[in-house]
Amino acid sequence: MNALDTLQYRTSSPRLMDPAPTHEQLDHLFKAAVRAADHGLLRPWRFLTIRGQARSLLGELLVSAARQENSDFSAAQAEKLAGKPHRAPLIIVTIASPKPHPKVPEFEQALSAAAATQNMINAAFALGLGAMWRTGAPAYQRIVNQGLGLDENEKIIGFLYLGTKTGAEKPKPDADYSGLVHEWGEVG
Ligand SMILES: Cc1cc2nc3c(=O)[nH]c(=O)nc-3n(C[C@H](O)[C@H](O)[C@H](O)COP(=O)(O)O)c2cc1C
């Protein structure tokens, strides 16, 4: 797929199945990630891959976090939440990992981590893989962050669910940007 088609027509795939991306496909994704715009070339991001039984460990973390926030969390809710990481054969967790810098605020470094994530979903689409960027409450829960080994200053930017597309193909997205773009500073 050519680059402009990828950028203009990418869609997310909420329904994913085996097989997971191959080693070679993942290599393309990470090479795309590290080409994100990056003020000061700080590489203020890192990535975790979670697959196989490790997805159940993540599910347990999600349930622990939800139980801590809501003591009425039912067994049925726990079972549903525990199954969420199994919605795809592979999850990449993008982590903003800011580096101290006199000119590059942490906010910009988090933006760069988001750009790296977007590069990965674009690369996935170009390769014909299914991808879905998710966050939800778990991205912000202390138990989840600690369980995944984040430092205090790090943030989860996304859980990138990856696999083989299943279900109906989404229609081509509407690329209409009228109303979003205005010429500023015109005189007369
Ligand atoms: C930071 C971020 C977090 C997101 N979290 C979720 C999420 O938790 N659940 C969800 O259904 N979609 C989430 N989305 C949106 C989807 O990834 C997707 O972009 C959206 O469903 C629109 O589909 P499209 O990408 O095909 O246009 C998130 C997007 C971003 C940028």
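This section describes the overall fold, one helix pair, the surroundings of the ligand and one residue of helix α3.

The structure is a predicted model. The protein contains 6 helices and 5 strands, and along the sequence these elements follow the order α-β-α-β-α-α-β-α-β-α-β. The C-alpha atoms fill a box of roughly 65 × 45 × 35 Å along the principal axes. The chain has 188 residues, of which 27% count as buried. Among contacts between residues at least 6 apart in sequence, 83% join residues that are at least 24 apart.

Two packed helices are described by the distance between their axes and the angle between those axes. For helix α2 (residues 23–33) and helix α5 (residues 106–126), the axes come within 7 Å and cross at roughly 145 degrees. The crossing of α2 and α5 is right-handed. On the α2 side, the contact is made by His-28, Leu-29, Ala-32 and Ala-33. Helix α5 contributes Ala-116, Asn-119, Met-120, Asn-122, Ala-123 and Ala-124. By residue class, the contact of α2 with α5 comprises 7 nonpolar and 3 polar residues, with no charged ones.

The ligand is surrounded by residues from several parts of the sequence numbering: Thr-11 and Ser-12, then Met-132, Trp-133, Arg-134, Thr-135 and Gly-136, and finally Gly-158, Lys-170 and Pro-173. Strand β4 (residues 130–134) gives the most to this shell, with 3 residues. In the shell around the ligand, 5 residues are polar, 3 are nonpolar and 2 are charged.

Leu-62 was examined as a single position. This residue lies in helix α3, which spans residues 54–69. Leu-62 counts as buried because 23 other C-beta atoms lie within 10 Å of its own, where 20 or more are required for that class. Leaving aside residues up to four places away in sequence, Leu-62 touches Leu-81, Ala-82, Lys-84, Pro-138 and Val-144. Gly-147 is 85 residues away from Leu-62 along the chain, and the C-alpha atoms of the two residues are separated by 9.6 Å.

Taken by topic, the helix pair and the ligand shell can be set side by side. The contact of α2 with α5 has no charged residues, whereas the shell around the ligand includes 2. Nonpolar residues number 7 in the helix contact and 3 in the ligand shell.

Conventions:
Residues numbered from 1 in each chain as written. Predicted model: local features only at pLDDT ≥ 70, side-chain atom pairs only at ≥ 80, totals over all residues. Axes fitted to C-alpha atoms, helices over the stretch in contact; angles between N-to-C directions. Helix = DSSP H or I, 4+ residues; strand = E, 2+ residues; numbered from the N terminus. Left-handed = near helix turned anticlockwise from the far one by under 90°. Contact = placed C-beta atoms within 7 Å. Nonpolar A, V, L, I, M, F, W, Y, C, P; charged D, E, K, R; others polar. Near = placed C-beta within 6 Å. Buried ≥ 20, exposed ≤ 12 C-beta atoms within 10 Å, placed from the backbone.
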